[in-house]
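Here is a protein model to explore piece by piece. Keep the picture open while you read, and try to find each part as it comes up.

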Amino acid sequence: MTQPSNRRVVLARIPTGTPEPEDFALVDEPRRTPGAGELLLRTIWLSMDPYQRNWMAGARSYGTAAAPGATVIGRAVSEVVLSNDPGFVAGDIVCGETGWQTSPVVSADVVEAVDASLAPISTALGVLGSPGLTAWVGMLDAGKPARGETVVVSAAAGAVGSVAGQIARIMGARVVGVAGDPAKCRHVVEELRFDACVSHRGPDVDAALARECPDGVDVYFDNTGGPVTDAVYRRLSRDARIALCGLVAEYGADDARGHDLRPLLACQATLTAFSVRRHLRRMPDWRRQASSWMREGALVYREDVLQGIERAPGAFTRMLAGRTLGKALVQVAEAPSRL
């Protein structure tokens, strides 16, 4: 009888610039038996996130260092197959940083139980997971939008930006998104109910922002950096607040440059950089609030799904290139039929 295997996506080499298929490799290995305090998992959903590119670029805040042969890091929703920890039993659904693999064995303390009664379990990686919490923390703590203010959100059709903008709308702000192609802008306005959306691929982003933000920008939720950030900085209002969430347009770029900070000085803006990893204790509060908004129809979400772990590298590069809509996921296996 063939021994059950674990399939892992590893780095074949460190990407330079935009990751390519040759930067990844698929490895099959025997499935390991869990030891004391460990769990054998069956991965169902894998999350595609910009921070993974930051890890590949050498960021040191994600645990295992990026190196050829290293399993690509990432959060996943999984089913417990075998448990050697009293806190979990076979059949439990869990979420944690378990990497791009099909049958990982992990310490029980790196995962948490998923409440499947709140929403589909995939949402533990999106609107009810770290992306949603990121949007909530950044918008409330750093953005602090007031009713009637103008809020601009970059990468507005993505997993974080789509939630951040909806939170600002719920709080009474006028929300302008920045996204890519016209289909994304339509989604942002028609489904997410932003007040407007500007395409960063348009001929004149500065003019479009001036048209949609005639009184300036009070809050900027920055997911991207790059030219979009430069354009928004030129529209900042007095005492503007900037929530610096990510720089996906600059991760791994050899020619990344600084931004002109003179507009921030001129308008006496406040820039707050933050990481959701310092706020994970607030996840239960976010899930209660978000699930309430979802039941009311005030908060909606979209998922962009590819099937099969072998498609994870392609799903990742699609997400980085802005070709996904909503939360980018890879479905590795079917969820249990009871869910």
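## Helix α5 and its buried side

Let's start with helix α5, which runs over residues 205-212; its buried residues are Val 205, Ala 208, Leu 209 and Glu 212. Why do these four end up on the same side of α5? They cover an arc of only 100° around the axis, so they share a side. There's a neat bit of background here: an α-helix has 3.6 residues a turn, so residues three or four places apart point the same way. Keep in mind that this is a predicted model.

What does the buried side pack against? The buried residues of α5 meet β9, β10 (196-199) and α6 (226-233). Take a look at the start of α5 too: there, a side-chain oxygen of Asp 204 comes within 3.3 Å of the backbone nitrogen of Asp 206.

## The sheet next door

Now for the strands. Six of them form an open sheet with parallel pairing, in the order β10-β9-β8-β11-β12-β13. The edge strands, β10 and β13 (270-273), each pair on one side only. On average, and ignoring direction, neighbouring strands in this sheet are turned by 15° against each other. As for what holds such things together, strands of a sheet pair through backbone hydrogen bonds, either parallel or antiparallel.

Zoom in on one edge: β9 and β10 pair in the parallel sense over four bridges. Ala 179 stands opposite Ser 199 of β10. Two helices pack on the sheet. Helix α2 touches β8, β11, β12 (236-244) and β13, and its direction makes about 145° with that of β11. Helix α5, our starting point, touches β9 and β10, with its direction at about 170° to that of β10.

## Helix α2 and the big core

How much of α2 is buried? Twelve of its 14 residues are, so you can call this helix mostly covered. The buried ones include Pro 131, Leu 133, Trp 136, Val 137 and Met 139. Just after the helix comes Lys 144, with a positive phi of about 50°.

Helix α2 also belongs to a bigger story. The largest nonpolar core has 39 residues, and those with the most contacts inside it are Met 139, Val 153, Ile 167, Phe 221, Trp 286 and Leu 299. Several elements give two or more residues to this core, among them α2 (130-143), α3 (159-170), β11 (217-222) and α8 (283-296). The biggest giver is α2, with six residues. This fits a general habit: in soluble globular proteins, nonpolar side chains tend to be buried together.

Try picking out Ile 167. Leaving aside residues up to four places away in sequence, Ile 167 touches Ala 135, Trp 136, Met 139, Leu 140, Trp 286 and Trp 293. Apart from the largest core lies another one, of 22 residues, including Trp 55, Leu 306, Ile 309 and Val 330.

## Two residues to compare

Is Thr 150 buried or exposed? Thr 150 sits in strand β8, and its relative accessibility is 9%, so it counts as buried, the cut-off being under 20%. Not counting residues up to four places away in sequence, Thr 150 touches Arg 174, Cys 213, Gly 216, Val 217, Asp 218 and Val 219.

Ala 146 has its place in the loop between α2 and β8. With 35% relative accessibility, Ala 146 counts as partly exposed. Setting aside neighbours within four places in sequence, Ala 146 is in contact with Met 171, Ala 173 and Arg 241. Ala 146 and Arg 169 are 23 residues apart along the chain, and their C-alpha atoms are separated by 10.0 Å.

## Positive phi in the loops

Finally, look at two loop residues. Arg 193 lies in the loop between α4 and β10, and it has a positive phi of about 65° although it is not a glycine. Its relative accessible area is 37%, so Arg 193 is partly exposed.

Gln 268 is in the loop between α7 (262-267) and β13. Its phi is positive as well, at about 55°, although Gln 268 is not a glycine. With a relative accessible area of 47%, Gln 268 is partly exposed.

Methods
Residues numbered from 1 in each chain as written. Predicted model: local features only at pLDDT ≥ 70, side-chain atom pairs only at ≥ 80, totals over all residues. Heavy atoms only, no water. Core = buried A, V, L, I, M, F, W, Y, C linked by side-chain atoms within 4.5 Å. Buried < 20%, exposed > 50% of the residue type's maximum accessible area, 1.4 Å probe, protein only. Contact = heavy atoms within 4.5 Å. Arc of directions from axis to C-beta. Polar contact = N/O pair within 3.5 Å; in protein donor to acceptor, adjacent residues only side chain to side chain. Pairing = 2+ DSSP bridges. Axes fitted to C-alpha atoms, helices over the stretch in contact; angles between N-to-C directions.
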